[in-house]
Amino acid sequence: MKDKKIILSGIQPTGTFTLGNYIGAVRNWTKLQEEFDCIYMIANMHAITVRQDPAALRKNTANAYALLLACGIDPEKSIAFIQSHNRCHAEMNWVLACSTQFGELSRMTQFKAKSEKHPDDINAGLFTYPVLMAGDILLYQSDLVPVGADQKQHLELTRDIAQRFNQKYGELFTIPEPYIGETGARVMSLQDPTSKMSKSDENPNACIFILEDKDTIIRKFRRAVTDSDTCVRFAEGKDGINNLMTIYSAVTGKTMDETEREFDGKGYGDFKTAVGEAVADHLAPIRERYAQFSADKAYLEKCWTEGAQKAESIARRTLSKAYRKVGFN
Ligand code: TYM
């Protein structure tokens with residue numbers, strides 16, 4: 001019997017993290033590590049499903065690892081590693097691919113969206129990406145997977161693949177549950193509050209990157225698209241304000257009611273500036289710690305090497321069992 005639940009999650013190292021990544025996922029990861037056995041991964045193998053400059057990917061992967069530590073992931077408490085350092089992920093991918101249907105993968109909304117975005121490079125990796133992700137999760141017999149709402153469909157597929165494998169070959173995998181936070185599971189674009197905040201947005205004002213300086217952050221919030229009403233309240237149809245209130249709540253801990261009272265009688269301008277300031281103040285210590293961690297290459301390498309060793313020793317056990325179950329000699 002496991003005494004603590006196992007948590008696994010990952011993030012792609014494509015540029016620095018967005019406020020969406022932070023509020024929807026990474027912030028929850030730091031809280032969970034106090035209570036559970038947590039494993040966090042920089043998903044660099046997922047990143048090459050879209051064209052990457054190799055030198056930039058290498059640098060972004062190291063920086064993403066430093067940023068994970070800066071956000072509060074403690075390598076003494078959690079296992080933090082880089083996906084490609086543990087070859088079990090690639091091997092498990094193949095085993096699980098043979099228990100995944102073409103039709104299931106065709107229904108993934110992220111595959112459809114990314115194919116539309118990169119019509120000249122609809123590669124097989126982009127298509128089978130959710131299988132690699134299922135392997136990430138199942139290799140560690142994870143109980144909970146803390147993610148933003150956009151990953152829910154991939155989690156459901158992971159559960160289906162695991163159940164199918166268990167039925168075909170006999171019990172092996174723990175069936176994981178998604179862990180999606182109540183506030184901030186879907187942080188929206190500041191320029192189009194009906195679509196998700198995404199680092200690939202062409203409009204630089206749509207997305208906050210967590211290492212941006214205070215002035216830039218405040219400026220972007222001041223330009224955020226809202227509505228023609230003037231009253232700060234959380235209500236249907238007020239997507240822009242709802243998004244800003246959600247972000248404000250995530251960084252200050254204030255409820256929607258408290259925020260409505262705080263800005264009673266004040267205009268949107270005051271509110272937007274306050275949100276920008278609160279976000280920038282919340283992120284300031286992360287920027288400082290990032291500067292320290294990213295300058296210490298030896299420490300980073302030590303942490304990710306140890307992380308990969310620990311991750312591999314767990315993953316290897318599950319992979320060996322899977323190999324035996326499917327009948328490999
Ligand atoms: P990625 O790198 O796109 O995003 C990392 C995490 O950030 C969340 N997120 C958001 N949450 C709220 N609002 C937003 N606007 C927003 N944008 C991103 C994502 O939901 C995610 O939790 N496939 C994954 C990485 C991955 C993974 C895994 C996750 C690889 N293997 C295994 C969990 C388990 C991805 O591309 O996340």
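**Helix H10, the ligand site and selected residues**

Helix H10 is mostly covered, with 12 of its 14 residues buried. The model described here is a predicted one. The buried positions of H10 are Gly240, Ile241, Asn242, Asn243, Leu244, Met245, Thr246, Ile247, Tyr248, Ser249, Ala250 and Val251. These buried residues pack against four other helices, namely helix H1 (19-32), helix H9 (214-222), helix H11 (256-262) and helix H12 (268-295). In its length, H10 (residues 239-252) agrees with expectation, because at 1.5 Å a residue its 14 residues should span 20 Å, and the C-alpha atoms at its two ends are 20 Å apart. The helix is followed by Gly253, a residue whose phi is positive, near 80°.

The surroundings of the ligand comprise 27 residues, of which Gln12, Tyr129, Asp136, Asp150 and Val187 come nearest. Polar atoms of the protein face both oxygen and nitrogen atoms of the ligand, as three pairs illustrate. For Asp150, a polar side-chain atom lies 2.4 Å from an oxygen atom of the ligand, while for Gly148 it is a polar backbone atom that is found 2.9 Å from a ligand oxygen. In the case of Gln151, a polar side-chain atom is placed 3.4 Å from a nitrogen atom of the ligand. Taken alone, the ligand exposes 720 Å², and 96% of that area is buried by the protein.

Val50 belongs to the loop between helix H2 (44-47) and helix H3 (54-70). Although it is a loop residue, Val50 counts as buried, because its relative accessible area of 18% falls under the 20% cut-off. When residues up to four places away in sequence are not counted, Val50 touches His118 and Leu126. Between Val50 and Ser106, the separation is 56 residues in sequence and 17 Å in space, taken from C-alpha to C-alpha.

With regard to the cysteines, the structure holds zero disulfides. Cys88 accordingly takes part in no disulfide, and the nearest cysteine sulfur to it, that of Cys98, is 17 Å away, whereas a disulfide would require two sulfur atoms within 2.5 Å. Cys88 is also buried, with a relative accessible area of 0%. Cys231, by contrast, counts as partly exposed, because its relative accessibility is 33%, a value between the limits of 20% for buried and 50% for exposed residues.

Terms used:
Residues are numbered from 1 along each chain as its sequence is written. This is a predicted model: local features need pLDDT of at least 70, side-chain atom pairs count only at pLDDT 80 or more; totals for chains, interfaces and linings use all residues. Side-chain values use heavy atoms; hydrogens and water are left out. The expected span of a helix is 1.5 Å times one less than its number of residues. Buried means under 20% relative accessible area, exposed over 50%, partly exposed in between (1.4 Å probe, protein chains only). Contact means heavy atoms within 4.5 Å. A residue is near a molecule or strand if one of its heavy atoms lies within 4 Å of it. A polar contact is a pair of N or O atoms within 3.5 Å; within protein, one must be able to donate a hydrogen and the other to accept it, and residues adjacent in sequence count only if both atoms are side-chain atoms. Accessible areas come from the Shrake-Rupley method with a 1.4 Å probe; for residues, only the protein chains shown count as cover.
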